[in-house]
Amino acid sequence: MLKKLLLVLLCWTWTSSAVVRIPLKRVRSIRSQLRVDGRLEEFLKDHHPDMFSRRYAQCFPPGTPSLRLGRSSERIYNFMDAQFYGEIKLGTPEQNFSVVFDTGSADLWVPSSYCVSEACVSHRRFRAFDSTTFRHDGRMFGIHYGSGHLLGVMARDTLKVGEVSVLNQEFGESVYEPGATFAMAKFDGVLGMGYPSLAEILGNPVFDSMLAQKAVEQPIFSFYLSRKSSSNRPEGELMLGGTDESLYTGPINWIPVTAKGYWQIKVDSVAVQGMSSFCPHGCQAIVDTGTSLIAGPTSDILNLQQLIGATPTNIGEFLIDCVRLSSLPHVTFVLGGQEYTLTAEQYVRKEMLGDKQLCFSGFQTVDILSPEGPLWILGDVFLTEYYSIFDRGQNRVGFAPARHPSVTVTQQ
């Protein structure tokens, strides 16, 4: 009898706290789609943050704090370049949605069935009236992204991420998404994985709810992002409650979180091989899975672009001669006393435009001020090369070299 009781308890412990894998899919970014369609320059002009704010400000409730002009410079979301997303389920019975798992935000939202914006019509929409576990909240919210806005209402329902169920999870139902940013997105919504203080919506972020409900084995989650499509490796993977040692090599280097909002850490220095170094006395960076590129203060990034031979275009991008990649310098970030070096093949983004290959710099200018000084952003260009672990238990971020297939594969 005692043995049976112990077995039941062990089984209950396993099913209530688990390590869960969520596969991530890699797709062509909105920016790439617009470039192929010949609409990128027009889009960037129409969706300039402050111009966009003025155009749609009257459509939002007065005093919505997240919609202040200039807010986008503080809260940077680069979903124009987002490439990785995964699936979640909401409600009872379950309704499927694809979301960006974004460490640079802390809110969960999906389109509502009551939304008539173009972006909502072209995506899966949450049908509250079909869910027996739905709870109406009544609050309204607005979120201002770097390249778009949305307005919605709050709700609660059962959320399922992989095999982890979260009861009574707060989330937003988007009812108004002006502009074309989200209309072109391959994902339906966003699931933020930052700290609670980063949330625009009051209530627990999803991972905090998982911790409160003891739904994961450890208070950590980790990301693997692939370079290219391959048959013997996932395109990407989010693991809740643990890490996958088969996806990285060597020991994990842990760096303490310096401010609990974004996953913010200290950078010891940034250096271009044999040339200049930036922030020699240290600076701050955000580890952000919702941003594809590496971003930094304007003055530093413009100098860096010059050092790697990148030339500006009239829409703010930087082109590099593809035949020169092997001769370009490495760029090294020093984190926690350890060097993280990117070669030109790693920090350059290659795109096909018709039958011509274009090479773009993986660095961009973004000016975000914090009490600790200007912030850099370590987006997917960096995270593709280094497996990343986010530890809420000890408030730290870990990196280890990602284990990528050595075989030659076809790029998407």
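Phe126 and Phe134: buried or exposed? Phe126 is buried, and Phe134 is buried too, where buried is under 20% relative accessible area, exposed is over 50% and partly exposed is in between, with a 1.4 Å probe on protein chains only.

Okay, some ground rules. This is a predicted model, where local features need pLDDT of at least 70, side-chain atom pairs count only at pLDDT 80 or more, and totals for chains, interfaces and linings use all residues. Residues are numbered from 1 along each chain as its sequence is written, and side-chain values use heavy atoms, with hydrogens and water left out.

So, confidence. pLDDT is the predictor's confidence in each residue, from 0 to 100. The protein chain averages 82, with 78% of its residues at 70 or more. The low spot is helix α1 (residues 2-16), with a mean of 39, while strand β27 (residues 396-401) is highest at 98; helices (H or I, at least four residues) and strands (E, at least two) are DSSP runs, numbered from the N terminus. Residues 1-16 sit below 50, and that stretch has four contacts beyond near neighbours in sequence, a contact being heavy atoms within 4.5 Å. Residues 407-412 also stay under 50, with ten contacts beyond four places in sequence. Where pLDDT is low, don't read the predicted coordinates in detail.

Now the inside. A nonpolar core here is a set of buried Ala, Val, Leu, Ile, Met, Phe, Trp, Tyr and Cys residues joined through side-chain atoms within 4.5 Å. The largest one has 75 residues, and Leu240 and Phe382 are among those touching the most other members. Leaving out residues up to four places away in sequence, Leu240 touches, among others, Val19, Met193, Phe207 and Ile220. There's also a second, separate core of 15 residues, including Tyr85 and Phe141.

On to the rings. Phe, Tyr and Trp rings (six-membered ring for Trp) pair if their centres lie within 6.5 Å; planes under 30 degrees apart are stacked, over 60 edge-to-face, and the rest tilted. That gives 20 aromatic pairs. Our opening duo, Phe126 and Phe134, is tilted, because the centres are 6.0 Å apart and the planes at 40 degrees. Tyr340 and Phe382 are tilted as well, at 5.9 Å and 50 degrees. Tyr340 is in strand β21 (residues 338-342) and Phe382 in helix α9 (residues 380-383), so this pair ties together parts 42 residues apart in sequence. Relative accessible area is 1% for Tyr340 and 0% for Phe382.

Last one: ring pairs also link Tyr195, Phe207, Phe221, Phe223, Trp263 and Phe390 into a cluster.
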